[in-house]
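Visitor: Could you take me in for a close look at one helix and its packing, and then work outward from there? I'd like one connected tour rather than a list.

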Amino acid sequence: MVTPDIDEKYMALALELAEKGRGNVEPNPMVGAVLVKNSEIIGTGYHQAFGEAHAEIHAIHDGGKNCKGATLYVSIEPCAHYGKTAPCVDAIVKAGITKVVIPVIDPNPITSGKGIQKLKEIGIEVRLGVMETQAKKLNAPFFKLMQRGLPYVIVKWAMSLDGKIATHGGDSRWITSEESRAYVHKIRGQVDGVLVGINTVVRDDPLLTCRLEGGRNPRRIIVDSNAALPLHSQLIKTIGESEIMVAVTKNAPQERIENLKQLGCKIIQTKDAGGRVDFHELFRHLGEMKLTNILVEGGGGIITSLIEGHFADKIIVFIAPIIIGGEGAMSPVLGKGIDMMGKALKMSEINIKRFLHDIAIEGVPEY
């Protein structure tokens, strides 16, 4: 008899396999699958790309004729509906699998609970809840998109030991090491969009692309209340490399909006929130477009608005062993701030990475 500890062992492997799909399967969830028979792994698989075969199908193909009587460990409920591919439940039944271990029900209303119900009706044993917390954490962006219709927002900045993201003159290249910047490019290649404010574009003239070999370029989202994106910027010059979305208010000059449209930019208009783009409306639009996760790279005004508005789902801070100084030097989080240390925003699920001499602290804000 398979014990719970053994179930966790194989489920941990399924979750590890699922991670391989990050950046390629969205807006689908990352899914891994492991087939076990007579205490031996006979097949593995993971969802490799959106629109392609699901993890269960890869594992079943890997297991071949040995699948009959096997146990399937899959990191989320198998689908029971026709989408880009046929239902995985049908393939599980056809393969002769007798038990399925699942950590969590699929939050997608199209299939939620239906896969488990169908398996049970056919007589396949189902165990639910193994490593549920880990499975939800792995696919947190997918769960947020399905349950709230909003993308998962990752806020990132790089700063010196004294908490500055640029000099008093605005220079910010480069605070961190090449290794740290390569990690940021890796993240860019895994998200659906990179978001910055117009001030960052004017100051730094960034590309916002993934410059790792074989990396996927995210959509580039510019928060630009008055449609002031410079027409000679690197973003416009490279519009063929990835889509540019410009978020403006309904009060933005129509002539500027039309100029950006003619150059190929997609315009997202929101209500005017005190002269600024309304983030509630912007993220709702991005969710409707099925953007699963967004990386926010600044500047300070945008970062402040997202943290104060409780929009940030994850924060990544790179800290370099340098001191910039200067009363006018830029800080990452501005605004009114707090008056007592007990009111400081705390972080959980802390993860610390080291890149050469820099460190990166990742965490989830506890609003």
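**Around helix α7**

Guide: Let's start with the inward-facing part of helix α7, which covers residues 178-188: its buried residues are Ser180, Tyr183, Val184, His185, Ile187 and Arg188. Keep in mind throughout that this is a predicted model. Those buried residues have plenty of strand partners: they pack against β6 (152-159), β7 (193-197), β13 (293-296), β14, β15 (346-355) and β16 (358-366). It helps to recall that an α-helix has 3.6 residues a turn, so residues three or four places apart point the same way.

Pick out Tyr183 from that set, because under 20% relative accessible area is what buried means here, and Tyr183 is one of the α7 residues that qualify. Tyr183 also belongs to an aromatic cluster, together with Phe318 and Phe355. Now step back along the chain to the loop between β6 and α7, where you'll find Trp174. The peptide bond that joins Arg173 to Trp174 is cis, with omega at about -10 degrees.

Next, follow β15, one of the strands that the buried residues of α7 pack against. Strand β15 has a surface story too: Met347, Ile350, Ile352 and Ile359 form a nonpolar patch on the surface, and together they have about 340 Å² of accessible area. Three residues of that patch come from β15, which is the largest share. Ile352 sits in β15, and with a relative accessible area of 57% Ile352 is exposed.

Back to aromatics for a moment. The model has eight aromatic pairs. One to zoom in on is Phe283 with Phe311, a tilted pair with 5.6 Å centre to centre and 50 degrees between the planes. Phe283 is in helix α11 (residues 279-288) while Phe311 is in the loop between α12 (300-308) and β14 (314-319), so this pair ties together parts that are 28 residues apart in sequence. Both Phe283 and Phe311 are buried.

If you carry on to the loop between α11 and β13, you reach Lys290. Lys290 isn't a glycine, yet its phi is positive, at about 65 degrees. Its relative accessibility is 45%, so Lys290 counts as partly exposed. You can set Ser39 beside it: that residue, also not a glycine, has a positive phi near 65 degrees. Ser39 lies in the loop between β1 and β2 (40-46), and at 65% relative accessibility Ser39 counts as exposed.

While you're in that part of the chain, check the loop between α1 (4-19) and β1 (32-37), which holds Pro27. Glu26 and Pro27 are joined by a cis peptide bond, with omega at about 10 degrees.

Last stop, the cysteines. How many disulfides are there in the model? The count is zero. Take Cys67 as a case: the nearest cysteine sulfur belongs to Cys88 and is 13 Å away, so Cys67 is in no disulfide, because a disulfide needs two cysteine sulfur atoms within 2.5 Å. Cys67 is buried, with 0% relative accessible area. Cys265 is buried as well, with a relative accessible area of 6%.

Key
Residues numbered from 1 in each chain as written. Predicted model: local features only at pLDDT ≥ 70, side-chain atom pairs only at ≥ 80, totals over all residues. Heavy atoms only, no water. Phe/Tyr/Trp six-rings, centres within 6.5 Å; stacked < 30°, edge-to-face > 60°. Helix = DSSP H or I, 4+ residues; strand = E, 2+ residues; numbered from the N terminus. Buried < 20%, exposed > 50% of the residue type's maximum accessible area, 1.4 Å probe, protein only. Contact = heavy atoms within 4.5 Å. Patch = residues over 30% accessible without salt bridge, like charges linked within 9 Å, V, L, I, M, F, W, Y side chains within 5 Å. Areas by Shrake-Rupley, 256 points an atom, 1.4 Å probe, with all protein chains shown as cover. Salt bridge = Lys/Arg side-chain N within 4 Å of Asp/Glu carboxyl O.
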